[in-house]
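Here's a quick briefing to read with the model open in your viewer. Skim the bullets and jump to whichever part you care about.

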Amino acid sequence: MIVKNHKPKKIIELIMLLLISGVVLCGCTGSAGNNKEGTDAKNIKREKSSASQPVTIGLSQIGSESDWRMASTESVKAAFSSGAGYNLIFDDAQQKQENQLKAIREFIDQGVDYIILDPIVETGWDSVLSEAKEAGIPVIVYDRRVDVADDSLYACWIGSDFYLEGKRTCMWLSDFFSDRGIDHNINIINIQGTMGATAQIGRSKAIEDAVYHSRNWRLLAQESGEYTTAKGKEVMKKLLAKYGENIDVVYVENDNMAYGVIDAIRESGYVTGADIDKGEILVVSFDATHNGLQLTLDGAIAVDTECNPLYGPRLAEMVEMMEAGEDIEKETYIEEDQFSAVGYIASVNVEDTEYPVTYLTSKIIDERAY
Amino acid sequence: MSENALLELRGIYKSFPGVKALQNVDFNLRKGEIHALMGENGAGKSTLIKVLTGVYTKDEGDIRLDGQNVTIRSPQDAQHMGISTVYQEITLCPNLSVAENMYIGRSDNIIQNWKGMFEGADKMLKSLDIPAEASAQLASCSIAVQQMVAIARAVDMDCKVLILDEPTSSLDDQEVQKLFKLMRDLKERGVGIIFVTHFLDQVYEVCDKITVLRDGKLVGEYPIKDLPRVELVSKMLGKELDDMSEIKTEKKDTDKEDDSTPVYEAEGLASTEGIKPFNFYIKKGEVNGFTGLLGSGRSECVRAIFGADRVISGSVKKNGKTVKIQKPIDAMKNGIAYLPEDRKVDGIVGDLSVRENIILALQVMKGFFKPLSKAEANAFANEYIDMLKIKTASADTPIKSLSGGNQQKCIVARWLLTHPEYLILDEPTRGIDVGTKVDIQKLVLKLAGEGMSITFISSETDEMLRTCSRLIVMRDRKVVGELKGDELTQSKIMSTIAGGEGQS
Amino acid sequence: MSKKIRNMTDSNLLLAITVIVFVLMYVGAIIFQGKGFTKPQTFFNILNANAGLIILACAESLVMITGGIDISVGGMTALVSMSCAVYLDYHNGNVPVSMLIALLIGLAYGLVQGYLVAYLDIQPFIVSLAGMFFARGMTTIVNSDPFNVANESFVALKLARINVPGMGSVNKKGVYVNAYVEIGVIVALLVVILMFMMLRWTKLGRSFYAVGGNRQSALMLGINVKRTKFLSHLICSVLAGIGGYVYFLHVGSGAVTNGQGAEMNAIASSIIGGTMLTGGVGNIIGTLIGVLSLATIQNIVATAGLGEAWWTGITIAGMLCVFLVIQSVLMARKKKLMKK
Amino acid sequence: MSQKGSKGSIQDLFGKLVRKQIFIPIAALFFLLLFNLIFDPGFFVITLGTNSAGDPVLSGNLITVINMGSELAILAIGMTFVTAASGGQDISVGAAIAIAGSTLLRVLCGTNTRPAVGELRTSILVAFIISCLVAMAFGAFNGMLVAIFKIQPMVATLILYTAGRSIAAWINNNELPIISDPEFGYFGGFIPGIPVPTPVFIAVACMIVAGLVLKFTNLGLYSQAVGINESSSRLNGLNPVFIKWLTFVILGLCVAVAALIKVSRLSSINYSVIAKDIEMDAILAVALGGNALSGGKFNLWASIVGAYVIQLLTTTLFKYEVPSDALPAYKAVVVIILVVFSAPTVREKIGNLKKKTVKREVA
């Protein structure tokens, strides 16, 4: 009798338990539904197992901090789709090298066929890459570089020439100023990316070199905005409070920070634009993301140098070549464009090579893949 | 005089902000003596004990143990000197084993010797006849057993002075007898025991001497033979007392028969706490009570009436109309009020002010969206502070800083403020001083006289006899009898509880 | 069954649940995820990657058992690794001194936090919150940019492998690869063993439980509560210093983001391992298994192809949720059994 | 003689003031303002300028304090209730802000992450109401764990703390929507023509609502009673489970409002960074307000003042060019000083010291 009467409470507890595990399970089933690639991949694996094993790829991505990064991830994911005979294991390291190291070890333990790595920083990869080599798994590095003592630890590298990007931007600036006949002192602020990242090193070096070799350029401050909008805005606000109208040019090392920088400039009562003699602040940026180009079209960003995120097809090409046993080049650069709506300059010349500058229209923005 | 002296306290002073808790108090304890420390709540007993055990440091005065001056800085100090204490509230760690609770904090050994400890503990428990396993987790033992474990710990420490601070309030008679046996054994061994209790019977049963404190001052030290009860009470209260007889005459008036519909009537009521379904009614202006040994289910019955525990069967009628009482708020809406057994756990809301504590129940009944204004609340609080003579600095004082008796009065005030038709008082006099006890009993009869129905529960049978006109007797969670009129005698109650003869 | 449960201490009951769930999970991973989990190296990699966390979790368990909490251990990891990294690289220091630095940071933290909590009676949450803020801030003051330590003797120590005989596996090219653990794992296991012994077989260990179980009672039982609380924080912080160094030894870099969220992982591991935040209940072995459970589930999520960053967070939270509810329901049932 | 008496009464008054709970945060506020006054009176300059759209805006450090402190003050309200009733803290508010913000953007943008001006799918009000409901639902989840399953609040909310930002990313499929409608920016910026930042109005509105709730309902009394003695509250007809749960839902509402401001400030969201560590600041605000983190009696206004103390400290440190990452270190030092001086044991010791000196003087 008494025991019976206890039941309601127990049942409530049970229901609660079920509810909670239900919520968790829903999450899991949701995952299966959302992540169709995963389930599909398994199905194909089963179908194909008699004919040809799918190639398993482990992809260690830095994170999803910017539009650029996400476009890059999407591109790689699309290239290694299950339809194309691949089984992709994707890992988002959330901006920590530690997580990338862990992911690569997991890939090794799972015995993947290839590891693709976009390293967050250049150093600290020796031991994990030698483990991959020990296990006989080739590693393809892309976007950012790795700095290892023995470069046989990775199969190849493909990425942007960040120094060149920076050079092209500086050259554009220099051409622009001479075109406008400006030869007084130019005060520049550099909003850097995450310190130690390949892009930051290359782009920062380009502006530092340009300032060093220039007669009238001065670098007022360099500070890291860590590639994020919020941080970029915060840093810019601080610098504006310090230097105010003395600032002529802001050299921003990616578009996401540029949004923040432009916001900060506007909120502090200044105007962005190319007319630095009228007190406007000229902003140059990198990456050429959708939003970045929109701002470029509006004239808020004077020139936006592309950093091509669409690595997918090139990486797939490389994997196919390696599968076929062909030799591949150790280092390849990916092609990149430069956009401006200011429109004075048709091309820039860096070390005797002409690089065209695309005059930006809304049509171009609409046609781009990201 | 000081031959055989074990512990001597001379001129102890201790004050807290705003309160002089002890003023020039002397105390003597000899070897092999059971010494009762008596006084109302707030008389300074607890403070004196805490000074002795190192919880408080005295402001002035000397403590001499075995003739030597000592300074007691912490409970460890006290233990090392051979002063052990068993408190009313269990001061053991529920998450540790029984054995650990007996041995922890006693030696400076670095290594814990589990085997030796279990063996020693089992031996000790067996010799004291305590039904517990050394390796069991303490939380799995009943409160009484936990209390015994605490005593076993003290005994095992070969203490010279054993302080028992109201150890009996949660024990039943059998357990109390066991404890007394233990005390007498220890006395034989030459241990000096300081015994603090509110039960006068117990004092006269085991003690050799009595020291009485009042308002932080020493009243005197008396051999037990030289101090009859009435005198003890008057010394504690500081006035001659014939209130007891007054109460009796008042009660006679309420002792009458009538055939009206009961204010409250329950049939087959049972709760999750395992009481057998019982029937119960109470009429207008009636005072009745539940009696029985501790654990017989008397509190569980009234909790079921109030909906404090989950009610699982039975029907309830209020003034003849069927009502549903599932939760306390249902009961309150039906004009039932309940003063719970455990004042600290279930009664007071410690950090809130006296005012907030008094208005709480009324406020809840008024509802979430109708708070009383500050002026109204103050008016109510002050009215009851005056009416019940609650000793408090102001209505804003946190209730936890009041003495036990005054806290209890606040809770009574809280329920009176809701103007209940039916008031349940579960052990309202436990752990409070004699003066307040009498006040509360008088109040019960006064309220009944004004037409309120009251159920009164007390561990002290004479209190019940003095106030109740009908007693429901319980044994083993079952109602086993009902006594009224001439049956209301000590012996009749005892025999019904014991179940010696056929019951009605 | 119910009687057995009744006679178990709370600590053992919760430990039993943890062990069962962990074993089930690992077996499930082997069955459903296949090849990877049968390799011992997979398990060793989990140990390698989490050696630091194991030590931090032990430290956390200790304060939790004593009824406190310390949320500064993650921040300390960052501070320790950054200070040591700067010392080793910029000042070309030597490794033993860097270890001493780690210990000293731990000691300093322990002394200050312990004093504030135990003797000034300030809430441990607030004290260690300030401790976390301080450590994170100091880390950026020491150096704000992440970098990998190139100091040779340090790198040698970092790369040192202890081969586990007979546990290796054959790679794709048919070569036998030895299974190995890093030095940090040995340190972590040592800490686990020492802490286990300390908590089980020393009077001090038992007094941590007593203080956590009921502070007032512990005082009355003659335990120096303040000193016990102080020691719990002292040992915790020193262990956090060691844990921070072991973590540093694994990642080999100084970075502001080092050990981010480690305090919550340590707390979560302790809880999964059966330590209760209310104090007085807990077990170091459970904590170890808690860390391993957490890491295993992360591994399962990652290798199941749910690489999107959010799945890790959601699954861990789900697991934590299930554990907490099981614990809560079981404890409630046990209490009910007790009453009868 | 009479002089002595009046001196005594002034001392009494001061003593009373010092003993008031709200004294500590207010003293801290004054101390920080005094510090600024001495070292740089320029701190107090408020200028009326115009922003890029040509609307008048007030700017200056004090404006920054009351502007940026808004979210924290709003959260402090909810956190105070939760602390009082449950005797624990919700450490998931930062993550919950991410969820509420993400929901807000998801409802406004749908699947198009870059809606042009005027292309929002619903009105901002509808989106806000939905995000409120979502935030309250998550609050209810926390509340359920705490109230029904009796899990310690910090542990229970650890679940959402771990999962929250992931859920937020999941809601928007990890995309980062950006809203270009200027109206959306009003909540975190300025309404054209009004020079005072909008968050200030929102925060004041929240305080007024909280004040009215305290005055016209029994939430204060009930949550304190439940926090101090649950068992006794139950026997007085309260439903402790419901009240604890309710406080978490209220905190959920506060979270949604804070999320609106946060998201509006950026017109976008960054799941891993938005409102980072704000839970710690919110708890700190409650503690600085002198409220016991173990629950029970509370003073809402002291918590709110505590929130502004934290913001004032942040702004002051920024003023002295402390980099934002190093900020916590300085904050920690100030916090420790504050809590040490408000710790009862320390206060008692100082009190004793004072008494001794007074005694010596008398002697």
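What follows goes from whole chains to interfaces, then to helix packing and a few backbone oddities.

Keep in mind that this is a predicted model. Chain D gets most of the attention: it touches chain C through 42 of its own residues and chain B through 18. One helix to keep an eye on is α13(D), where 11 of the 11 residues are buried.

**Chains A and C**

- Chain C has 15 helices and 4 strands, while chain A has 12 helices and 15 strands.
- Of the 340 residues in chain C, 63% are buried; in chain A, buried residues make up 52% of 370.
- Chain C has a radius of gyration of 20 Å, which agrees with the value near 20 Å that a compact globule of 340 residues would have.
- Along its principal axes, the C-alpha atoms of chain C fill a box of roughly 65 × 50 × 35 Å.
- If you look at contacts with a separation of 6 or more, residues 24 or more positions apart make 76% of them in chain C and 70% of them in chain A.

**Where chain D meets chain C**

- This contact pairs 42 residues of chain D with 37 residues of chain C.
- On the chain D side, α7 (153-171), α13, α15 (327-342) and α16 (344-362) each put in at least two residues.
- Which helix gives the most to that side? It's α7(D), with 14 residues.
- By class, the side of chain D that touches chain C has 33 nonpolar, 5 polar and 4 charged residues.

**Where chain D meets chain B**

- Here 18 residues come from chain D and 23 residues from chain B.
- Two helices of chain D, α10 (219-228) and α11 (230-235), each supply at least two residues to the side that touches chain B.
- The largest share of that side comes from α11(D), with 5 residues.
- Sorted by class, the side of chain D that touches chain B has 6 nonpolar, 10 polar and 2 charged residues.

**Domains of chain D**

- The domain assignment splits chain D into domain 1 (23-321) and domain 2 (323-363).
- Taken over C-alpha atoms, the centres of domain 1 and domain 2 of chain D are 29 Å apart.
- The contact between them takes 9 residues of domain 1 and 8 residues of domain 2.
- On the domain 1 side, α2 (23-39), α13 (278-288) and α14 (300-319) of chain D are the elements giving two or more residues.
- That domain 1 side breaks down into 7 nonpolar, 2 polar and no charged residues.

**Helix packing: α5(D) on α12(D)**

- Two packed helices are described by the angle between their axes and the distance between the axes.
- For α5 (residues 93-109) and α12 (residues 240-266) of chain D, the axes come within 8 Å and cross at roughly 60°.
- The crossing of α5(D) past α12(D) is right-handed.
- On the α5(D) side the contact residues include Val93(D), Ala96(D), Ile97(D) and Leu104(D), and on the α12(D) side they include Leu251(D), Val255(D), Ala259(D) and Val263(D).
- Tallied by class, this contact has 13 nonpolar, 2 polar and 1 charged residues.

**The enclosed helix, α13(D)**

- All 11 of the 11 residues in α13(D) are buried, so the helix is largely enclosed by the rest of the structure.
- Its buried residues include two acidic-named entries worth clicking on, Glu279(D) and Asp281(D), along with Ile278(D), Met280(D) and Leu284(D).
- What covers them? The cover includes α7 (124-142) of chain C, plus α2, α4 (70-86), α5, α14 and α15 of chain D.
- Gly290(D) follows α13(D) and has a positive phi near 80°.

**Backbone oddities**

- Most residues other than glycine have a negative phi.
- Asp277(D) isn't a glycine, yet its phi is positive at about 60°.
- Asp277(D) sits in the loop between α12 and α13 of chain D, and with 14 C-beta neighbours inside 10 Å it counts as partly exposed.
- Glu351(A) also has a positive phi, near 45°.
- You'll find Glu351(A) in the loop between β13 (347-350) and β14 (353-356) of chain A.
- Is Glu351(A) buried or exposed? Glu351(A) is exposed, with 7 other C-beta atoms within 10 Å.

Definitions and conventions
Residues numbered from 1 in each chain as written. Chains lettered and ligands numbered in written order. Predicted model: local features only at pLDDT ≥ 70, side-chain atom pairs only at ≥ 80, totals over all residues. Contact = placed C-beta atoms within 7 Å. Nonpolar A, V, L, I, M, F, W, Y, C, P; charged D, E, K, R; others polar. Axes fitted to C-alpha atoms, helices over the stretch in contact; angles between N-to-C directions. Left-handed = near helix turned anticlockwise from the far one by under 90°. Rg over C-alpha atoms; globule rule 2.2 N^0.38 Å. Buried ≥ 20, exposed ≤ 12 C-beta atoms within 10 Å, placed from the backbone. Domains from an automatic or database assignment.
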